[in-house]
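Here is a friendly walk through one protein structure, with the sequence and the coordinates alongside. Keep both open as you read.

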Amino acid sequence: MAYITLRDVQLAFGGPALLDGANFTLERGERVCLIGRNGEGKSTLLKLIEGSLLPDHGEVLVQNGLTISMLAQDVPMDSGKVADIVADGAGEAAEVLKQYHTASDACVLGDMAACERMGDLQHKLDQLDGWTLENKVNTILGKMGLDPDADLADLSGGRKRRVLLARALLTQPDVLLLDEPTNHLDVESIEWLEKFLLEQNNLTLLFISHDRSFVDRLATRIVELDRGTLRSFEGNYSRYIELKAQQLEAEEKQNALFDKKLAEEETWIRQGIKARRTRNEGRVRALKALREESKARRFQQGKVNMGVQEAQRSGKLVFDIEHLSVQYGDQPLIKDFSALVMRGDRIGLVGDNGVGKTTLIKAILGDIEHTGTVKTGTQLEVAYFDQLRNQLELEKSVAANVSEGSDFVDVNGQRRHIYSYLQDFLFSPERARTPVKALSGGERNRILLAKLLLKPSNLIVMDEPTNDLDMVTLELLEDMLAEYKGTLLLISHDRAFMDNVVTSTWVFDGKGGIAEYIGGYQDYLLQRPDEKVVDQKADVKKAQAKAEADKLAAEAAPKKVKLSYKDQRELEQLPAEIESLETEQSELSAKLADGSWFLKDADAATQASQRLAEIDELLLEKLERWDELENMSKG
């Protein structure tokens, strides 16, 4: 039997059904990603499986004895000791253990009633196996690198999510439900989460995510929620894209045939009296059925229609940044950063949360104080996308936020009604009149995009634009930015989005330093100094020094040559071979140093990078062999 089964599940909240006869199975060991457009009902489906919601019709079957834990989408702002918050995941046992400790403290102070309660609580803890809870909590916190005594309120968003994950995993669930686990996490935290989940043996996952890199690495199957129906696609996200295109093509052909048949029957019925003959009653009933089917048919939600309004070209130089530094109290956030930003550059900013990415943007734009200089180019028109959505007035409607009170907006020189413009961003007139506070995170991001793209610009600054956007809208945003003729400064933790949009990357090291790399995130990974390679080079130097010392010692001591002719020849040739490898290593390192080779010939540069790793291995092998032959020659 499957772990979880949905049979003909129906669920609606007044509008079109979120689940309309949905069927689904989850087998042991699967890692299934649930995807779909914003508002389709993905989070609702997880709540059905968790048991906090019940379907209107149909069945949600869970295998007997199965334990399910859920990591919610929202990160709490509450304070509290990390160990206590994680222990709450054990339910009743955690509560009884707390009561026992409270009673114990009171008993020590002479409260006899508390002393009596301790006996009952101790018996309950024996039944619930509560005595091992504290050990379990400390074990899982150690595994996740969390301080049990830390206060949740003092932790970063990524650390808070680790705490919630620890709580969800404390009871060793058979199935873990994750709702947008990568939202607001930095790249390092996302990669840690990927690695951690892949290492959990026998853990079955059902997760919602719009992070394509995360989905590609983790998912064994994609399930799409589309117009109330669940469709399964084997493989990762890249495979899903291929299969989905085929499915949509087939659906389009089927709809065209249906529409043709309906049109033919509608023409026939209008012929008059012939249609009411007895022998044609069946055809009349069939037409009625076709009409009902046409009314019930749900079309796929449209795509956002976005286009940027470009201002006149800026000067060739956009920013000349020299020795820029920013202090936060006594802590240096950015130290001595210099860079040139030219017209048409698309720059991505990468680093952990809190390292100063947004601060750097604000310093460059002159919004905060800094040392050093920033020379700004001519004719700059800036459009700014704020990750905190501070530009939105929550009490006002969508239309009022975008048009600032006007009924019309100017789009590339054409006057359009605000409702017409907002339909390009999937807001119906009714939804356009809704207060922003009532909308989802994805809808708020679409409002910001609609507002941002009304402003003519030649410099777009985007701070985390991808949070909460569905994959289709993400890809459309990518296409728009790829065609943008102006300059782009982008902060994002979405690795696939960065790879598809930016031409260079500024990487923050968390100590105030910022390094520039050519290309996107994957290009940065290829170019960054590899700690293992650095360690190998150190080992090579040590081995070389040792070999030189041994050689000098061997020359001073009486030699006893016990090598064969072949080994002697190998020993004589090894120094020249090692020198040749070191020369090649030095030349390749020099060529790859500034990253320009990757821009001119990415394939050749990648091969050169791989060759460097091979040289490191060869050097170690040859130095070890040299040492071995030297020792043999000494007898």
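## Around Ser 209

Leaving aside residues up to four places away in sequence, Ser 209 touches Cys 33, Leu 34, Ile 35, Glu 180, Thr 182, Phe 214, Val 215 and Met 471, where contact means heavy atoms within 4.5 Å. Before going further, please note that this is a predicted model, in which local features need pLDDT of at least 70, side-chain atom pairs count only at pLDDT 80 or more, and totals for chains, interfaces and linings use all residues. Residues are numbered from 1 along each chain as its sequence is written, and side-chain values use heavy atoms, with hydrogens and water left out.

Where does Ser 209 sit in the chain? Its place is in the loop between strand E7 (204–208) and helix H8 (212–218); helices (H or I, at least four residues) and strands (E, at least two) are DSSP runs, numbered from the N terminus. Ser 209 counts as buried because its relative accessibility is 0%, given that buried means under 20% relative accessible area, exposed over 50% and partly exposed in between (1.4 Å probe, protein chains only). Cys 33, one of the residues that Ser 209 touches, is likewise buried at 0%. A polar atom of the Ser 209 side chain lies 3.1 Å from the backbone nitrogen of Asp 211.

## Salt bridges

Side chains of opposite charge can pair when their charged atoms come close. A search of the whole structure finds 17 salt bridges, each one a side-chain nitrogen of Lys or Arg within 4 Å of a carboxyl oxygen of Asp or Glu. Here are some of them.

| Pair | Closest N to O |
|---|---|
| Asp 494 and Arg 212 | 4.0 Å |
| Glu 395 and Lys 437 | 3.1 Å |
| Arg 611 and Glu 584 | 2.9 Å |

Asp 494 forms a salt bridge with Arg 212. This pair links distant parts of the chain, with Asp 494 in the loop between strand E18 (487–491) and helix H17 (495–501) and Arg 212 in helix H8, 282 residues apart. Are these two residues buried or exposed? Both Asp 494 and Arg 212 are buried.

The side chains of Glu 395 and Lys 437 also meet in a salt bridge. Here Glu 395 lies in the loop between strand E14 (382–385) and helix H12 (398–403), while Lys 437 lies in the loop between helix H14 (429–432) and helix H15 (441–452), 42 residues away. Glu 395 counts as exposed because its relative accessibility is 60%, whereas Lys 437 is partly exposed at 47%.

Arg 611 pairs with Glu 584. The pair joins helix H22 (residues 602–634), home of Arg 611, to helix H20 (residues 565–592), which holds Glu 584, across 27 residues. Arg 611 is partly exposed, with a relative accessible area of 24%, and so is Glu 584, with 26%. Elsewhere, salt bridges that share partners join Glu 194, Asp 211, Arg 217 and Arg 495 into one network.

## The disulfide

How many disulfides are there? The count comes to 1 disulfide, a disulfide being a pair of cysteine sulfur atoms within 2.5 Å. Cys 107 is joined to Cys 115, with an S to S distance of 1.8 Å. The link of Cys 107 and Cys 115 is right-handed, with 95° about the S-S bond. Cys 107 counts as partly exposed at 22% relative accessibility, and Cys 115 is partly exposed at 23%.

Methods
Polar contact = N/O pair within 3.5 Å; in protein donor to acceptor, adjacent residues only side chain to side chain.
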